[in-house]
Amino acid sequence: MGKVTGFKEFERQDEKYTPVEERVKHYKEFTVPLSESELTKQGSRCMDCGIPFCHSGCPLGNLIPDFNHMVHQGEWQKASWLLHSTNNFPEFTGRLCPAPCEKSCVLGIIEDPVSIENIEKNIVERAFKEGWIKPQPPKKRTEKTIAIVGSGPAGLAAAQQLNRAGHIVTVFERDDEIGGLLRYGIPNFKMEKEIIDRRIAILEAEGITFKTNVNVGVNYDVKELKAFDSVVLCGGATERRSLPTPGIDADGVVQAMDFLTQQTKVVFGKEVKDQVLATDKNVIVIGGGDTGSDCVGTSNRQGAKSVVNFEIMPKPPGHRSPTTPWPFWPLQLKTSSSHEEGVERNWLINTKEFIKDENGKLTALKTVNVEWKMVPGERPQLIEIEGTEKIWPCDLALLALGFTGPESTLADKLGIEKDARSNYKAEYGKYQTNIPNIFTAGDMRRGQSLIVWAISEGREAARQVDIYLMGKSNLPSKNMSGDLVAL
């Protein structure tokens, strides 16, 4: 490494946020970037650790010590090349990834880990600013045609990789804009949509065709896919989880993704009839994950009277739990910027009833405190605690409960087998379904997961499609050690 003692000399520094009272007035990103000199110091903190466990922590196999070293040396263009060699869209992951690489950083055993995610974001932003990221269309075409269904991170990664191999790629998206959940599922204050648009412009210039408002299997006959030499299904896991709770049909009980999508569309001047608003309402968000956090931030920006968050699981410890030792993903309390903007968080609480008035409007929630009974060899049991029932005033309940898997319609119409978890079944390591020329990747194949896994799956599936069509492939791939290989 360029500065072997850097981790001893410099403390971790993260981006700051603009004050809460300012940022809740708008839907723009609100981070305050570090200076170039400070970023150089952060790159210098990367240790000469011998075995970089960050590689195994990153599903993409990013060359993290290498690009950290380049940042330390001020070689930003080389850092960008290294970063893009394994990650098609670091501007997305640098904003949205929960950074499993940092949780497995060797320095994290004794100190705060290297600020890998922020370094990544600054590398790609510098690259766009300097004009280093340019369209790279293939020098020749194979004339093989490929349809990508779904334009989330998995679909976009597969599309770019297959286009680089010289194939003719068309991406179908059922919504009115490209990006999947990146577009409408992620609030603008976490990632401004111009970030997506500038990357799409690059992909279009490279020769990829995008078609929006095309819902394959609904307004586009699946028989039309037979015209393509191969198909890659990257539709995500979009079946939303609900609750078997009395009163769930009340006017005011809303799926989180509907709430978030509507607000993002409004931000960009799109017409949304009967938009669900948190303004002057007592809002309860059920679900303590990232989507729940996004609902908290959006509710505060809409001017909610109060915002409360329920989570049925126990409150995680403030520091890494002994049950999840380094280098594993830690069981640890996460407090997001949205939480800091104002919310009452509650753990070990279960909703018993959505209470509504005579007109069917939601007025309150009835809850009970719970505990989890753990018996070795058995599934955990949820036990209600007597005498803990409580009524919470509530005008808007947002269900941020995650997703149960992909929608089955497309699989049924195509005759694709599904696994026990309802995911589209594909041969291990090959991403190939029971129909030889149809492949699947991302959340549609593995279930709800991280953005880095989606991009990784798109890249790996692209290579397998290339091998299927051409008999071999020069597209990069990770082997079992996480290294990059090419055949």
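This note sets out, point by point, the main features of a predicted model.

1. Annotated regions. Two stretches of the chain carry domain annotations in an unreviewed UniProt entry. The record assigns residues 23-131 to "domain: Dihydroprymidine dehydrogenase", and it assigns residues 145-458 to "domain: FAD/NAD(P)-binding". These names come from the record, and such annotations may be inferred rather than shown by experiment.

2. Composition of the two regions. Residues 23-131 are 54% helix and 2% strand, whereas residues 145-458 are 24% helix and 24% strand. The end C-alpha atoms of the span 23-131 lie 30 Å apart. For the span 145-458, the corresponding end atoms are 17 Å apart.

3. Helices α6 and α9. Two packed helices are described by the angle between their axes and the distance between the axes. Helix α6, residues 76-84, packs against α9 at an angle of about 110°, and their axes are 9 Å apart. Angles of 65 to 115 degrees count as roughly perpendicular, and α6 and α9 are therefore described in that way. Their crossing is left-handed. On the α6 side the contact involves W76, A79, S80, L83 and H84, while α9 contributes E120, N122, I123, V124, R126 and A127. Sorted by class, the residues of this contact comprise six nonpolar, three polar and two charged.

4. Helices α9 and α12. Helix α9 (residues 116-130) also packs with helix α12 (residues 194-205), here at an angle of about 60° and with 13 Å between the axes. The two helices are therefore oblique to each other. As with α6, the crossing is left-handed: α9 passes α12 in that sense. The residues that meet are V124, E125 and F128 from α9 and I195, R198 and R199 from α12. They divide into three nonpolar and three charged residues, with no polar ones. V124 of α9 thus appears in the contact with α12 and in the contact with α6.

5. The five-stranded sheet. An open sheet is built from five strands with parallel pairing, in the order β5-β4-β3-β6-β18. Its edges are formed by β5 (209-211) and β18 (438-440), each of which pairs on one side only. From one strand to the next, the twist averages 20°.

6. Pairing within the sheet, and a helix upon it. Strand β3, residues 145-149, and strand β4, residues 168-172, are joined by five bridges in the parallel sense. Within this pair, T145 stands opposite I168 of β4. Helix α10 (residues 153-164) packs on the sheet, where it touches β3, β4, β5 and β6 (230-233). The direction of α10 makes about 170° with that of β3.

7. Backbone points to check. Most residues other than glycine have a negative phi, and most peptide bonds are trans. Two places in the model depart from these patterns. Which peptide bond is cis? The bond from W326 to P327 is cis, with omega near 5°, and P327 belongs to the loop between β10 (306-311) and α15 (337-340). The second place is A99, which is not a glycine yet has a positive phi of about 60°. A99 lies in the loop that connects α7 (90-96) and α8 (100-103).

Note on methods:
Residues numbered from 1 in each chain as written. Predicted model: local features only at pLDDT ≥ 70, side-chain atom pairs only at ≥ 80, totals over all residues. Heavy atoms only, no water. Helix = DSSP H or I, 4+ residues; strand = E, 2+ residues; numbered from the N terminus. Axes fitted to C-alpha atoms, helices over the stretch in contact; angles between N-to-C directions. Parallel < 35°, antiparallel > 145°, perpendicular 65-115°, else oblique. Left-handed = near helix turned anticlockwise from the far one by under 90°. Contact = heavy atoms within 4.5 Å. Nonpolar A, V, L, I, M, F, W, Y, C, P; charged D, E, K, R; others polar. Pairing = 2+ DSSP bridges.
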